[in-house]
Amino acid sequence: MATLSGKRVAILTENGFEEVELTSPKKALEEAGAQVDIVSPQKEKVKGWDHDHWSIDLPVDVSVEKAKVEDYDALMIPGGVINPDQMRTNKHCVEFAQQFLEAGKPVAAICHGPQLLIETGMIDGRNMTSYLSIKTDLQNAGVIWADKEVVTDNGLVTSRSPKDLEAFNKKMIEEIREGLHSPAAYTPGPAH
């Protein structure tokens, strides 16, 4: 069912993404008719992680330094322990995610993926979930955290882990189909 025909979605990732947290949403988006680009600081390919070992290489479609938010309808951020930790220290990744929130475009992040969103300074007061180990990090950023398979807040879709992928993918597609939501407000965080 091509409900996302004509939509273009960026998957923002670094080396060390949890394989199924990228491949399952990507497949669901493509089956719904969306064009999906892998956007990364890596130049040619990005390497996945599968539970406890390195796994697949996927081609990078667009370098994050050259990616333009206006070219996309939505952003998806896979988890994995390594991936978001690298992206949150990369200003291009942080700014790319921040611009989606500023524009009110749907953003979907699973597992550890929401760690990147902390750096945007734009999740204070938002309803979210994540992998349990980053619950306190999100709460410290002002998030209202819930232990649910999927939490949606004004176009922001989050889930806890791969076991939630079915619900995550369904809600992500629904939010992208709805289109623009209210833009998020920037709230400067504490000085480090």
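**Strands, salt bridges and a helix in a predicted model**

Student: Which residue of β4 is the bridge partner of Phe17?
Tutor: The model is predicted, so local features are taken at pLDDT of at least 70 and side-chain atom pairs at pLDDT 80 or more, while totals for chains, interfaces and linings use all residues. Residues are numbered from 1 along each chain as its sequence is written, and side-chain values use heavy atoms, without hydrogens or water. Strands (E, at least two residues) and helices (H or I, at least four) are DSSP runs numbered from the N terminus, and β2 is joined to β4 (residues 45-50) by two bridges, the two running parallel. Within β4, Phe17 has as its bridge partner Gly48.

Student: Which strands stand at the edges of the open sheet?
Tutor: Strands pair if DSSP finds at least two bridges between them. The open sheet has three strands in the order β2-β4-β5, with mixed pairing. Each edge strand has a single partner strand, so one side of it is left without a neighbour in the sheet; these strands are β2 (17-18) and β5 (53-59).

Student: Which residue of β5 stands opposite Trp49?
Tutor: Strands β4 and β5 run antiparallel and are joined by five bridges. Opposite Trp49, in β5, stands Trp54.

Student: Which residue in the hairpin of β4 and β5 takes a positive phi?
Tutor: The hairpin has two residues between the strands. A positive phi near 65° is taken there by His51.

Student: Why does the salt bridge of Asp37 with Arg8 tie together parts that are apart in sequence, and how many residues apart are they?
Tutor: A salt bridge places a side-chain nitrogen of Lys or Arg within 4 Å of a carboxyl oxygen of Asp or Glu, and the closest N and O atoms of Asp37 and Arg8 are 2.5 Å apart. Asp37 belongs to strand β3 (residues 35-40) and Arg8 to strand β1 (residues 8-12), so the parts that the pair ties together are apart in sequence by 29 residues.

Student: Is Asp37 buried or exposed?
Tutor: Buried stands for under 20% relative accessible area, exposed for over 50%, and partly exposed for values in between (1.4 Å probe, protein chains only). Its partner Arg8, at 24% relative accessibility, counts as partly exposed. Asp37, at 6%, counts as buried.

Student: Which residues are joined into one network by salt bridges that share partners?
Tutor: Glu174 and Lys171 first give a pair, meeting in a salt bridge at 2.7 Å, N to O. They are three residues apart in helix α6 (residues 165-178), about one helical turn, with Glu174 partly exposed at 25% and Lys171 partly exposed at 21%. The network itself, built from salt bridges that share partners, joins Lys45, Lys47 and Asp57.

Student: What separates Lys27 and Glu31 along helix α1?
Tutor: These two side chains form a salt bridge, with 3.6 Å between the closest N and O atoms. Since Lys27 and Glu31 are four residues apart in the helix, the separation is about one helical turn.

Student: What span is expected for helix α1?
Tutor: The expected span of a helix is 1.5 Å times one less than its number of residues. Helix α1 (residues 19-31) has 13 residues, and its reach of 18 Å from first C-alpha to last is close to the expected 18 Å.

Student: Which residue just after α1 takes a positive phi?
Tutor: Within α1, the buried residues include Leu22, Pro25 and Leu29. Just after the helix, a positive phi of about 100° is taken by Gly33.
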